[in-house]
Amino acid sequence: MAKGEKGKHSGEEKDRENGVLADATAYPTVEDDEEHGDDLRNPRFPGWFAEYSPLWPGQAHFLKIERVLFEGKSEYQHMMVLESTAYGKVFVLDGALQLTEKDECAYQEMITHLPLCSIPSPQKVLLIGGGDGGILREISRHSSVTQIDICEMDMMLIDVYREFFPEVAVGYDDPRVRLHVMDGGEFLRSAQGGAYDVIIVDAFDPIRPDHDIFGSPFFEMVAKTLREGGVMCIQAESLWFPSLNLPQLIHTFRNIFKGSVNYAWTPVPAFPSGVIGFLLCSTEGPDVDFTRPVNPLDHQNAANFFGVAKEPPKFYNAEIHSASFCLPSFARDCL
């Protein structure tokens, strides 16, 4: 079920030299196809990290790396912390870029505040995945919240984030946080029905119609664990990838959650295509209009606005909240 931390794609582990892609004497051309074979599909440059996946064919994302700060393998997954030239420190999980110092704020703040600011006075929040602690940091800004449960399988991942990304992992310092070192699906099976106001899922590849998770009762368990009018937020595929199929996803989630379903998106430069999506769903009960924040962050109350964070939000605000649901014509017209 839920992996210890989100991974944007699966596949064979990439060749590495000290955690960075191995040297290549030359980048193969189309004429070299027969000789180099896989090299054309797996480009390599010395001193650069490259991310590529069959989920977004025909492209690769490169970051110039200054040094490798950490490389190790837990019981579940391979991890690297790299110092990049353009994005600061970077966390890589099983070959997939997970977080950069430069733009983590956009993802963490939006996946948190889009659901929490859409309902009045949320109190109990469940986070599945999100082991870096950044979403916990953002939840801590909401003074109405009384309980924050997080399911994370991999303690080594948490320890690595605490050592190399303390400004992100600071979320664990909130006394309302209760860490459950276990699989998120197992936690949901034993959870009381209607126990949570908000559930944030940050444990899978971006959701798309052919995702493996739809072969399990995971989302039905999420819906059961939410109160009436409760909300879920999960990472969804980029608008620019044909695998998204918004109409099918919205139809599927409406059948499961029985309430509102909306797609939002935000720029995250380090993510393939430069943007990432979110699906927000509410259960049957009080109507939820995700496009209008009814529970804004309190700028006047410093203790509430900061939580355990050292500074105010860098990305999220009420205007960005509403604007994130505005779709470009090519996406809007297919709904």
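Leaving aside its neighbours within four places in sequence, which residues is Tyr 87 in contact with? Before you select anything, note that this is a predicted model, in which local features need pLDDT of at least 70 and side-chain atom pairs count only at pLDDT 80 or more, while totals for chains, interfaces and linings use all residues. Residues are numbered from 1 along each chain as its sequence is written, and side-chain values use heavy atoms, with hydrogens and water left out.

**First stop: Tyr 87**

Select Tyr 87, which sits in the loop between β3 and β4; helices (H or I, at least four residues) and strands (E, at least two) are DSSP runs, numbered from the N terminus. Its contacts, meaning heavy atoms within 4.5 Å, are with Leu 63, Thr 100, Glu 101, Lys 102, Asp 103, Pro 269 and Ala 270, once neighbours within four places in sequence are left aside. Tyr 87 is buried because its relative accessible area is 13%, where buried means under 20%, exposed over 50% and partly exposed in between (1.4 Å probe, protein chains only). If you also mark Leu 99, which is 12 residues away along the chain, you will find 9.5 Å between the C-alpha atoms of Tyr 87 and Leu 99.

**Second stop: the open sheet**

Now show the open sheet of 5 strands, whose order is β1-β2-β3-β4-β5 and whose pairing is antiparallel; two strands pair if DSSP finds at least two bridges between them. At the edges are β1 (48-51) and β5 (96-100), each of which pairs on one side only. From one strand to the next, the twist averages 45 degrees. Colour β2 (residues 61-73) and β3 (residues 78-84), which run antiparallel and are joined by 7 bridges, and look for Ile 65, whose bridge partner in β3 is Ser 84. Then add helix α4 (residues 155-164), which lies across β2, β3, β4 (88-93) and β5 and runs at about 115 degrees to β2; here axes are lines fitted to C-alpha atoms, for helices over the stretch in contact, and angles run from 0 to 180 degrees between N-to-C directions.

**Third stop: Gln 108**

Move to helix α2 (residues 104-116), where you can select Gln 108. Gln 108 is buried because its relative accessible area is 1%. The side chain of Gln 108 is joined to the side chain of Asp 132 by a polar contact of 3.0 Å, and the side chain of Gln 108 also reaches the backbone nitrogen of Ile 135 at 3.5 Å.

**Fourth stop: strand β7**

Select β7 (residues 147-151), where 5 of the 5 residues are buried, so the strand is largely enclosed by the rest of the structure. In a regular strand the side chains alternate between the two faces of the sheet. Both faces of β7 are covered, with Gln 147, Asp 149 and Cys 151 buried on one side and Ile 148 and Ile 150 buried on the other. Show strand β6 (residues 124-129) as well, since 5 bridges join β6 to β7 and the two run parallel. Strand β8 (residues 177-180) also runs parallel to β7, with 4 bridges between them, and the bridge partner of Cys 151 in β8 is His 180.

**Last stop: Asp 202**

Finish in strand β9 (residues 196-202), which contains Asp 202. Asp 202 is buried because its relative accessible area is 1%.

Terms used
Polar contact = N/O pair within 3.5 Å; in protein donor to acceptor, adjacent residues only side chain to side chain.
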